[in-house]
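This report covers the packing, surface and confidence of one protein chain. The sequence and structure come first, and the description follows.

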Amino acid sequence: MTAPDAQGRGPAGWRLAGIGVLALGVAAALYVAGRLHQPDYTFSMFGADPFPPKALLATIALALAGVQVLLALWIYRKLPLAAAAPRPVPIAHRVTGFVLVAVTVPVAVHCLIAYGVQLTSPRVAIHSIAGCFFYGAFAAKVLLVHSRRLPGWALPVAGGTLAIVLGVLCYTSALWYYNGYQLPLF
């Protein structure tokens, strides 16, 4: 649903800019908190070796993100050969989105408390920054979902951004772990 003035000018443009600023603010606040926080390497919500359960949760989150993308494509009628999405599809999209974020929260809490935001290597820096950006993008998507007077492209861009950032997070963590603590080369 695109409002007549939703092309980037007028009230819709200001709303979109405000949501973007808020998203960047959430990401920046997490970054600053993570940089100021003194890491507690002994903290673990997952037992003595936190990597296996965190990698599993990240893999589940990535799979749910794939489901999210497919459901969104179906809702927006972008899936080839698929009829219009039946009523349960948007509900399933919301439920999987909720579960996806719920699965990421314990991982993020552990990372923030145990490690903070570190820039010690390219992999760790990318992972830390992507983690902060993920929750900023999530905040933007939540606001976009509840706004009816924004450009029609805004919500799919926010959802796609979340999926891509989650892919980066999984690549720099779960795949790194599953590949013997080395980034896999594709």
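Leu143 touches Ile19 and Leu22, leaving aside residues up to four places away in sequence; a contact means heavy atoms within 4.5 Å. Leu143 sits in helix H4, where helices (H or I, at least four residues) are DSSP runs numbered from the N terminus. From the C-alpha atom of Leu143 to that of Pro122, 21 residues apart along the chain, the separation is 31 Å.

The model is predicted: local features need pLDDT of at least 70, side-chain atom pairs count only at pLDDT 80 or more, and totals for chains, interfaces and linings use all residues. Residues are numbered from 1 along each chain as its sequence is written, and side-chain values use heavy atoms, with hydrogens and water left out.

Two leucines are classed as partly exposed, the class between buried (under 20% relative accessible area) and exposed (over 50%), with a 1.4 Å probe and protein chains only.

| Residue | Helix | Relative accessible area |
|---|---|---|
| Leu56 | H2 | 48% |
| Leu143 | H4 | 33% |

Leu56 also belongs to a nonpolar surface patch of about 350 Å², together with Ile60, Leu175 and Tyr178. Patch residues have over 30% relative accessible area and no salt bridge; like charges are joined within 9 Å and nonpolar side chains (Val, Leu, Ile, Met, Phe, Trp, Tyr) within 5 Å. A salt bridge is a side-chain nitrogen of Lys or Arg within 4 Å of a carboxyl oxygen of Asp or Glu. Helices H2 (51-75) and H6 (174-178) each supply at least two residues of the patch.

In the interior, the largest nonpolar core has 18 residues, and Leu57, Leu100, Phe134, Val165, Leu166 and Leu169 touch the most other members. Such a core is a set of buried Ala, Val, Leu, Ile, Met, Phe, Trp, Tyr and Cys residues joined through side-chain atoms within 4.5 Å. Two or more residues come from each of H2, H3 (88-114), H4 (122-145) and H5 (154-171), and the largest share, 5 residues, is from H3. Leu169 touches His127, Ala130, Gly131, Phe134 and Ala174, again not counting residues up to four places away in sequence. Apart from this core lies another, of 8 residues, including Ile19, Ala23, Ala154 and Ala158.

Confidence is given by pLDDT, the predictor's score for each residue from 0 to 100. The chain averages 91, and 95% of the residues score at least 70. Over residues 1-6, pLDDT stays under 50, and the model has 14 contacts for them beyond four places in sequence.

Methods. Areas by Shrake-Rupley, 256 points an atom, 1.4 Å probe, with all protein chains shown as cover.
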